[in-house]
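Here is a short report for a reader new to this structure. Please look over the sequence and the model before reading on.

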Amino acid sequence: MTTIVDIAVNNEGFSTLVTAVSAASLVEALQSPGPFTVFAPNDAAFAKLPAGTITTLVQNIPQLARILTYHVVAGRYKKEDLIGIKSLTSLEGSQIDLDISEEGFEANNATVIAADIEADNGVIHVIDTVMLMRPHWFYPIMESGKVGV
């Protein structure tokens, strides 16, 4: 069986993600049958974070686990399954906004640079930016059309 974790461990581009998932004790969960859809930041995505962020997160396991589970959705969703869907709810409980068009595939502030990597227990979409949860006040403002307030 090739799980989501197996794919990440065997790909050099996910070494930071693998370290973070291990530190947050999420390896076993991501090796379970799932299925899961993971928006997986690659090493370049983690490198965009401000200096010291990863060290701080590894020292704050609950926050690290929260950010990591924000990148995971219950269910197996390939790109074609998501066309027309505006958002998904992450395992963390917050909304992930989706924008899929002929021009690209985005999840929140991240661009999917490789979609539909299939594992026995789900699907991986590689993203170029670590996604951060949006504040509680973000969605009412967006819904009201008062962007920039």
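The report below goes through the sheet, one of its strands, an aromatic pair, the empty spaces and a few backbone details.

## The sheet

This is a predicted model. Strands of a sheet pair through backbone hydrogen bonds, either parallel or antiparallel. Here, seven strands make up an open sheet with mixed pairing. Their order is β2-β1-β7-β6-β5-β4-β3.

Which are the edge strands? They are β2 and β3 (87-89), and each pairs on one side only. Neighbouring strands of the sheet are turned against each other by 30° on average, direction ignored.

## Strand β1 and its two neighbours

Strand β1 covers residues 36-41. In the sheet order, β1 sits between β2 and β7. The pairing differs on its two sides. With strand β2 (residues 72-74), β1 runs antiparallel, joined by three bridges. With strand β7 (residues 122-127), β1 runs parallel, joined by six bridges.

Some facing residues help to locate these pairings. On the β2 side, Val-38 stands opposite Val-72. On the β7 side, Phe-36 stands opposite Gly-122, and Pro-41 stands opposite Ile-127.

Is β1 mostly covered or mostly open? It is mostly covered: six of its six residues are buried. Phe-36, Val-38 and Ala-40 point one way from β1. Thr-37, Phe-39 and Pro-41 point the other way. Both sets are buried.

## One aromatic pair

A pair of aromatic rings is described by the distance of the centres and the angle of the planes. How many aromatic pairs does the count give? It comes to one. The partners are Phe-39 and Phe-105. Their centres are 6.4 Å apart, and the planes meet at 80°. The pair is edge-to-face, because planes over 60 degrees apart count as such.

Phe-39 belongs to β1, and Phe-105 belongs to strand β5 (residues 104-107). The pair therefore ties together parts that are 66 residues apart in sequence. Both partners are covered. Phe-39 has 0% relative accessibility and counts as buried. Phe-105 has 3% and counts as buried too.

## The largest pocket

Rolling a probe the size of a water molecule over the atoms shows where empty space is left. The largest pocket holds about 280 Å³ of space. Its lining has 24 residues. Leu-17, Val-21, Leu-30, Val-38 and Val-72 lie nearest the centre. Two of these names are familiar: Val-38 and Val-72 stand opposite each other in the β1 and β2 pairing.

Several elements give two or more residues to this lining: α1 (4-9), α2 (15-23), α3 (27-31), β1 and α6 (61-69). Which element gives the largest share? It is β1, with five residues. By type, the lining divides into 21 nonpolar, three polar and no charged residues.

## The cavity

How many cavities of 30 Å³ or more does a search of the whole structure find? It finds one. The largest cavity has a volume of about 30 Å³. Its lining consists of Thr-16, Ala-20, Phe-46, Ile-54, Leu-57, Val-58 and Leu-64.

Helices α2 and α5 (53-58) each supply at least two of these residues. The most come from α5, which gives three. Six of the lining residues are nonpolar, one is polar and none is charged. Helix α2 also contributes to the lining of the largest pocket.

## Backbone details in the loops

Three loop residues deserve a look. Pro-35 lies in the loop between α3 and β1. A cis peptide bond joins Gly-34 to Pro-35, with omega at about 5°.

Ser-25 and Asn-108 are residues other than glycine with a positive phi. For Ser-25, phi is near 55°. For Asn-108, phi is near 55° as well. Ser-25 is in the loop between α2 and α3, while Asn-108 is in the loop between β5 and β6 (110-119).

Are these two residues buried or exposed? Ser-25 is exposed, because its relative accessible area is 63% and the cut-off for exposed is over 50%. Asn-108 has 9% relative accessibility, so it counts as buried.

Conventions: Residues numbered from 1 in each chain as written. Predicted model: local features only at pLDDT ≥ 70, side-chain atom pairs only at ≥ 80, totals over all residues. Heavy atoms only, no water. Phe/Tyr/Trp six-rings, centres within 6.5 Å; stacked < 30°, edge-to-face > 60°. Helix = DSSP H or I, 4+ residues; strand = E, 2+ residues; numbered from the N terminus. Buried < 20%, exposed > 50% of the residue type's maximum accessible area, 1.4 Å probe, protein only. 1 Å grid on protein atoms, 1.4 Å probe; cavity = no way out; pocket = protein on both sides within 12 Å on 5 of 7 lines; lining within 4 Å. Points joined across faces, edges and corners; volume = space filled by probe spheres on them. Nonpolar A, V, L, I, M, F, W, Y, C, P; charged D, E, K, R; others polar. Pairing = 2+ DSSP bridges. Axes fitted to C-alpha atoms, helices over the stretch in contact; angles between N-to-C directions.
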